[in-house]
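Biologist: Hi, could you pull up the model so we can chat about it?
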Number of protein chains: 2
Amino acid sequence: VASPLMVSFCAGAIGPWWIDRIDPVFGESLPLAAKLSIRTDTPIAPVASVWNLSGVTSNTRYATRSEVDALVRKQEGLGRTQAICAALIPIRKSEAWWALAQDERRAIMEERSRHIGIGMDYLPAISRRLHHSREIGEPFDFLTWFEYAPEHAGDFEEMVDRLRATEEWKYVDREVDIRLLRTFD
Amino acid sequence: VASPLMVSFCAGAIGPWWIDRIDPVFGESLPLAAKLSIRTDTPIAPVASVWNLSGVTSNTRYATRSEVDALVRKQEGLGRTQAICAALIPIRKSEAWWALAQDERRAIMEERSRHIGIGMDYLPAISRRLHHSREIGEPFDFLTWFEYAPEHAGDFEEMVDRLRATEEWKYVDREVDIRLLRTFD
């Protein structure tokens with residue numbers, strides 16, 4: 001297990017990811033920018049940006065041992081050559097969500113919404129990394145970064161549609177959907 | 001539920017808490033200082049200090065609804081007039097702990113170690129606030145702040161002894177025990 005990794009997503013004029021579009025799903029959107037860079041230097045050096053979102057990788061919060069083992073068996077890492085499509089989906093959940101106890105959140109998320117199970121259905125095609133932002137004074141609670149090959153773009157749409165139709169998503173009060181393509185210059 | 005609150009514990013020459021002693025329990029200790037101040041201004045302004053530990057309050061990570069309800073019914077807040085004794089116990093857990101899945105950590109912490117249950121046995125006498133530090137680049141994973149009246153000092157010793165004898169504590173790889181008394185100047 002890697003130690004927590006602080007990751008900063010900087011939208012501006014530079015970076016290896018070209019921002020294709022930014023769509024608000026719930027609540028306020030984010031301003032458009034040309035490119036995105038992903039920084040993991042610590043401390044994150046200040047950089048000119050249109051917006052800058054940070055999060056930290058962490059331990060599992062809901063997944064059981066059998067789920068973790070199944071995920072590890074099926075998933076592939078970030079940075080695959082053919083995975084030139086990406087999405088960054090910042091999400092904030094409501095106060096009602098955070099006031100729930102651990103067993104209530106787990107029941108809504110997995111037993112009733114199958115969040116982990118839905119993600120598993122799209123492995124290894126869609127790889128992902130979750131970053132936690134709630135405790136570091138950020139506007140969103142989570143930043144999820146996804147990478148996939150163009151032939152899986154339809155699968156990706158299906159996956160986010162399925163997640164957004166769940167009971168868990170009733171607790172999402174802000175969501176922005178940012179789509180990107182890798183540049184090769 | 002309050003939003004995450006960033007709290008900074010600053011040991012130095014000033015503050016309303018007099019540091020009685022600092023004892024290493026596992027691993028490296030912290031240097032002695034005279035006083036402790038607790039700061040919640042955001043952003044935390046820099047202050048001259050011997051050491052400075054920060055953490056963030058957050059949602060429950062393990063407690064079930066019935067446990068949360070029982071805690072809320074029994075516990076009292078910080079700042080009680082008679083609670084002039086305090087302890088700050090910074091803890092770091094091993095990589096082996098953080099590599100466990102959620103259900104494994106819950107089983108060790110509560111089903112086998114009764115961490116929540118032990119804390120409940122000392123409510124309302126000993127009030128507490130937990131701060132998370134692992135994701136914010138701090139040397140410890142948790143900072144727990146306790147307050148109690150002098151007549152419950154023996155109960156407090158019993159509580160920490162019981163916790164340190166649990167299976168969960170095999171995963172603690174650094175722990176410092178800081179005891180304090182409130183000053184009235």
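Modeller: Sure, we can go through a helix and then some salt bridges. This is a predicted model, where local features need pLDDT of at least 70, side-chain atom pairs count only at pLDDT 80 or more, and totals for chains, interfaces and linings use all residues. Residues are numbered from 1 along each chain as its sequence is written, chains are lettered from A and ligands numbered from 1 in the order written, and side-chain values use heavy atoms, without hydrogens and water.

Biologist: Which residues of helix 3 of chain B are buried?
Modeller: In helix 3 (residues 102-112) they are B:Q102, B:R105, B:R106, B:I108, B:M109 and B:E110. Buried means under 20% relative accessible area, exposed over 50%, and partly exposed in between (1.4 Å probe, protein chains only). Helices here are DSSP runs (H or I, at least four residues), and strands are runs of E, at least two, numbered from the N terminus.

Biologist: And which residues are exposed on the other side?
Modeller: B:E111 and B:R112 are exposed there.

Biologist: Switching topic, how many salt bridges are there over all chains?
Modeller: The count is 34, taking a side-chain nitrogen of Lys or Arg within 4 Å of a carboxyl oxygen of Asp or Glu.

Biologist: What does B:R65 pair with?
Modeller: B:R65 forms a salt bridge with A:E104, with the closest N and O atoms 2.9 Å apart. B:R65 lies in helix 1 of chain B and A:E104 in helix 3 of chain A, so the pair joins two chains. B:R65 also forms a salt bridge with B:D69, at 3.1 Å.

Biologist: Where does B:D69 sit relative to B:R65?
Modeller: Both lie in helix 1 of chain B, four residues apart, about one turn of the helix.
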